[in-house]
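Subject: Structure handover

Hi,

Here is the structure I promised you. Please have it open while you read the notes below.

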Amino acid sequence: GQIDEVCIWNRSLSQNEIREIRHLTLNNFIISDPDVLAYYQFNEVNGGILDRVGTNHASLSGFSFRSHSTAPVGGGNSEIINLII
């Protein structure tokens, strides 16, 4: 499989929390959240995999490799809209 980013939390996220942050790169949100232990975006062209919130940097091993991503993600904000039908 392919992975675009990994975020490691010290708690379980609710379904609503997951829905609010999916499809967003979490730079601003993650840096200020004390429950995030590590956040990897895999954006580096070569070298190590940088932890965006700390110093738990990683590296590729085994048969893993980098490839160009076409995932529909980007910076921005999330908003909840309640619809009354």
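The side chains of Arg-11 and Asp-35 form a salt bridge, with 2.8 Å from N to O. By salt bridge I mean a side-chain nitrogen of Lys or Arg within 4 Å of a carboxyl oxygen of Asp or Glu. This pair ties together distant parts of the chain, 24 residues apart. Arg-11 sits in the loop between β1 (6-9) and α1 (15-21), and Asp-35 in the loop between α2 (27-31) and β2. Arg-11 also pairs with Glu-17, again through a salt bridge, at 2.9 Å from N to O. The search of the whole structure finds 2 salt bridges. Shared partners join Arg-11, Glu-17 and Asp-35 into one network.

Before you go on, two notes on the source. This is a predicted model, with residues numbered from 1 along each chain as its sequence is written, and side-chain values use heavy atoms, leaving out hydrogens and water. Local features need pLDDT of at least 70 and side-chain atom pairs count only at pLDDT 80 or more, while totals for chains, interfaces and linings use all residues.

Is the network buried or exposed? Neither: Arg-11 is partly exposed, with a relative accessible area of 32%. Glu-17 is partly exposed too, at 29%. Asp-35 has 24%, so it counts as partly exposed. The cut-offs are these: buried is under 20% relative accessible area, exposed is over 50%, and partly exposed is in between (1.4 Å probe, protein chains only).

Now the overall layout. The protein has 2 helices and 2 strands. Along the sequence they follow the pattern β-α-α-β. Helices (H or I, at least four residues) and strands (E, at least two) are DSSP runs, numbered from the N terminus. The C-alpha trace spans about 50 × 30 × 20 Å along its principal axes. Of the 85 residues in the protein, 16% are buried.

Next, the segment after β2. Gly-62 is found there. Gly-62 is exposed, because its relative accessibility is 75%. Its C-alpha atom is 32 Å from that of Arg-19, and the two residues are 43 apart along the chain. Asn-77 lies in the segment after β2 as well. At 77% relative accessible area, Asn-77 is exposed. Asn-77 and Asp-35 are 42 residues apart in sequence, and their C-alpha atoms are 19 Å apart. From Asp-35 to Leu-83 the C-alpha separation is 31 Å, over 48 residues of chain.

Leu-83 also belongs to a surface patch. Together with Ile-81 and Ile-85, Leu-83 makes a nonpolar patch of about 460 Å². Patches take residues with over 30% relative accessible area and no salt bridge; nonpolar side chains (Val, Leu, Ile, Met, Phe, Trp, Tyr) are joined within 5 Å, like charges within 9 Å. Areas come from the Shrake-Rupley method with a 1.4 Å probe, and for residues only the protein chains shown count as cover. Ile-81 is in the segment after β2 (36-40). Ile-81 is exposed, at 61% relative accessible area.

Last, the largest pocket. Its volume is about 620 Å³. Which residues are closest to its centre? They are Ile-3, Asp-4, Gln-41, Phe-42 and Ser-67, out of 20 that line the pocket. By class, the lining has 7 nonpolar, 9 polar and 4 charged residues. A pocket here is an open set of points on a 1 Å grid over the protein atoms alone, where a 1.4 Å probe fits, with protein on both sides within 12 Å along at least five of seven lines; lining residues have an atom within 4 Å of a point.

Best wishes

Conventions. Grid points are joined across faces, edges and corners, and a volume is the space filled by probe spheres set on the points. Ala, Val, Leu, Ile, Met, Phe, Trp, Tyr, Cys and Pro count as nonpolar, Asp, Glu, Lys and Arg as charged, and the others, Gly among them, as polar.
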